[in-house]
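This report looks at charged side chains and how they pair. The sequence and structure come first.

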Amino acid sequence: MASMATPKQIWEQQQLQMQRVKNSGVIVSNETPMKDDKEEEMAKSALALFRAKEEEIERKKMEVRDKVESYMGRVEEATRRLADIREELDALIDPMRKEIGFLRKKIDTVNRELKPLGQSCQKKEREYKEALDAFNDKNKEKTQLVGKLMELVSESERLRMKKLEELSKSIETLG
């Protein structure tokens, strides 16, 4: 990228070019230089034209420089705004990611805790069913035994009553 000339360098170039224009009409010899009016008029006209062109170039250069600086200012402002937007976006994303990550870890932990609890629950359900079956079997056996006992007690009472009646008749026949 070519660097831009400084105002001092531009002035020096202009002076050098003006000197060339002045010297173009001079005849160098041992005698005094001779110029004619027409050549001098041409030199002045060329110099005036050159100055006008240089002024126009300098003016246009300043216009372009102003436009570039203005555009760079807008670009810098847009860059700042984009950086602000990116910061806001990052701030929005981070809490959600942290919260989601936290919840996922919590769910994994609960899942790990649920597995042994489920197994324990199934084991206890089997044990409960076995205990309930044993209880029902024993209760059924008890009911059968109570039934048999009631039969025996009834039979015993009947037999004793019969015996008592027989004894009572025997006593009555004696007396």
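Glutamate 77 and arginine 80 are three residues apart in helix α2, about one turn of the helix. In this predicted model, glutamate 77 forms a salt bridge with arginine 80, with 2.8 Å between the closest N and O atoms. Both partners are partly exposed: glutamate 77 has a relative accessibility of 34%, and arginine 80 has 47%.

The structure holds seven salt bridges, including the three listed here.

| Acidic residue | Basic residue | N to O distance |
|---|---|---|
| Glutamate 40 | Lysine 44 | 3.6 Å |
| Glutamate 63 | Arginine 59 | 2.9 Å |
| Glutamate 77 | Arginine 80 | 2.8 Å |

Glutamate 40 and lysine 44 lie four residues apart in helix α2, about one turn of the helix. Glutamate 40 is partly exposed at 33% relative accessible area, whereas lysine 44 is exposed at 51%. Arginine 59 and glutamate 63 are also four residues apart in helix α2, and about one helical turn separates them. Arginine 59 is partly exposed, with a relative accessible area of 44%, and glutamate 63 counts as partly exposed at 36%.

Which side chain of opposite charge is nearest to glutamate 54? It is lysine 61, 8.2 Å away, and glutamate 54 is buried without a salt bridge. The 8.2 Å distance does not meet the salt-bridge cut-off of 4 Å between nitrogen and carboxyl oxygen. Glutamate 54 lies in helix α2, which spans residues 37–174. Leaving aside residues up to four places away in sequence, glutamate 54 touches Ile10, Gln14 and Gln17.

As for the whole protein chain, it has two helices and zero strands. Of its 175 residues, 4% count as buried. Its accessible surface comes to about 16700 Å², with 59% belonging to carbon and sulfur atoms.

Methods. Residues are numbered from 1 along each chain as its sequence is written. This is a predicted model: local features need pLDDT of at least 70, side-chain atom pairs count only at pLDDT 80 or more; totals for chains, interfaces and linings use all residues. Side-chain values use heavy atoms; hydrogens and water are left out. Buried means under 20% relative accessible area, exposed over 50%, partly exposed in between (1.4 Å probe, protein chains only). Accessible areas come from the Shrake-Rupley method with a 1.4 Å probe; for residues, only the protein chains shown count as cover. Lys and Arg count as positive and Asp and Glu as negative; His and the chain ends are not counted. Contact means heavy atoms within 4.5 Å.
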